[in-house]
Every structure is written in C-alpha cells, then in structure tokens.
Amino acid sequence: MTNGLRVNGTTGPKKAAKAAATTGKSARYYPADDVPKAKHSRSKKQNAPKVRGSFTPGTVCILLSGRFRGKRVVCLKALESGLLLVTGPYKINGVPLRRVNQAYVIGTSTKVDVSGVDVSSITDAYFARAAAKSADGEEGFFANDAAKPAVVSDQRKADQKKVDAAVLKAVEATPLLKNYLGSNFTLGKHDRPHKMAF
C-alpha cells in the first residue's frame, strides 16, 4: 500500500523467499563479476572477388595510379585476392612482375598471346614481404634513419626473366606492339576520355 493505493507486482523480500520455497525453485545465482557475453557475429563468408570481364590473360592494360601510372602492361592472370598480375615486360617499359588493383586499370582491346607463359607458381604469397629484423634499444632505433635500398631476390630476377622471355616472343611477333607498350598513356587538353574506345 502506498498512500492508500495498492501497487500491483511489488513484493517484499519475505514474500519473494516464501514464493521460492513453495514453487521449489532455488534462489537465482548472480555472479559477482561481469561475465562477458559472446556477441553475435555479423561477419559473413567472403566470396571470391569479381574480376571485370575485360581483364583476360594477354590483355594490354593501362595503369592509372602508382609508381608506374600511364604505363601500358600485359595482364597475365587474376590472383585469388582479386588483384591482377601484370608485367611490362621489364625490358620494354621497366614495369616488373607486380600486382595491381583492377579499380585503377583500364583494359584495352589489344591482346597478346600469353599461352606459352607459365605463371602458375606466382600467387599472392609470392609477394609477401619478409619480416625486417630491427635493432633493439634506442640506439638501434635512431641509428637506422637512412633509407635502405630495396633488395630484389635472385628468385624474383629469375622469374622475371623467364616470364618476360615468353611475353617478348609474342610481342615481337606483332608489328608495332613493342612501340605501343613502350609509350605512355597521356591525355591532352581537348581529349575526352569518356568518348575514347580503348
């Protein structure tokens, strides 16, 4: 009773203990510490990335960003991560075997026969960087201010030569294709990219 009014659903501790005894239920246990509950996971299984239909092995592509922007390269295959494996070839335009994001690439209608090129051993793991050994302590941290030159492994050099040898054969078989790959893609003041047919 509160000021002559009865409030439904409220019971004191004596009534709660009596009700628990009559129903045969044991008193509820409440842990002293907060036990974290497992949260519902919303992560879904990632599907394999989609590769645009214009990127087939042997397609000549134009790189739009990065160190080699404006270069024309030959697409060798699409990797599991959705990135494209491309090569210059290195001898023609200086672009080595590398992965590029297909969002920053234009596929052209020019094709090169790369059926004789074996790139089955080159995967995403092939491009994984080795963990650098850092010197311990403050002195070692401040002593390494100078930038270290990138060291290309002998394995990479051998793979580059092997792949490029097969690609160069196909390139040299087509007239003017070597000059086309060696030239950079540029846009002038009055060029209209949306009206161009690549």
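The turns below ask how the sheet and the nonpolar cores of this predicted model are recognised.

User: How do you know that S1 and S2 pair, and what are the ground rules?

Analyst: This is a predicted model, in which local features need pLDDT of at least 70, side-chain atom pairs count only at pLDDT 80 or more, and totals for chains, interfaces and linings use all residues. Residues are numbered from 1 along each chain as its sequence is written, and side-chain values use heavy atoms, with hydrogens and water left out. Strands are DSSP runs of E with at least two residues, and helices are runs of H or I with at least four, numbered from the N terminus. Two strands pair if DSSP finds at least two bridges between them; strand S1 (residues 59-63) and strand S2 (residues 72-78) are joined by 3 bridges and run antiparallel, so they count as a pair.

User: What makes S4 and S5 stand at the edges of the sheet?

Analyst: The open sheet has 5 strands in the order S4-S3-S2-S1-S5, with antiparallel pairing. Strand S4 (98-100) and strand S5 (105-111) each have a single partner strand, so one side of each is left without a neighbour in the sheet.

User: Why is the set that includes Leu76 and Val163 called a nonpolar core?

Analyst: The name applies because a nonpolar core is a set of buried (under 20% relative accessible area, 1.4 Å probe, protein chains only) Ala, Val, Leu, Ile, Met, Phe, Trp, Tyr and Cys residues joined through side-chain atoms within 4.5 Å. The largest such core has 21 residues, and Leu76, Leu85, Val112, Ile122 and Val163 have the most contacts inside it. S2, H4 and helix H5 (177-182) each supply at least two of its residues, and H4 gives the most, with 5 residues.

Conventions
Buried means under 20% relative accessible area, exposed over 50%, partly exposed in between (1.4 Å probe, protein chains only).
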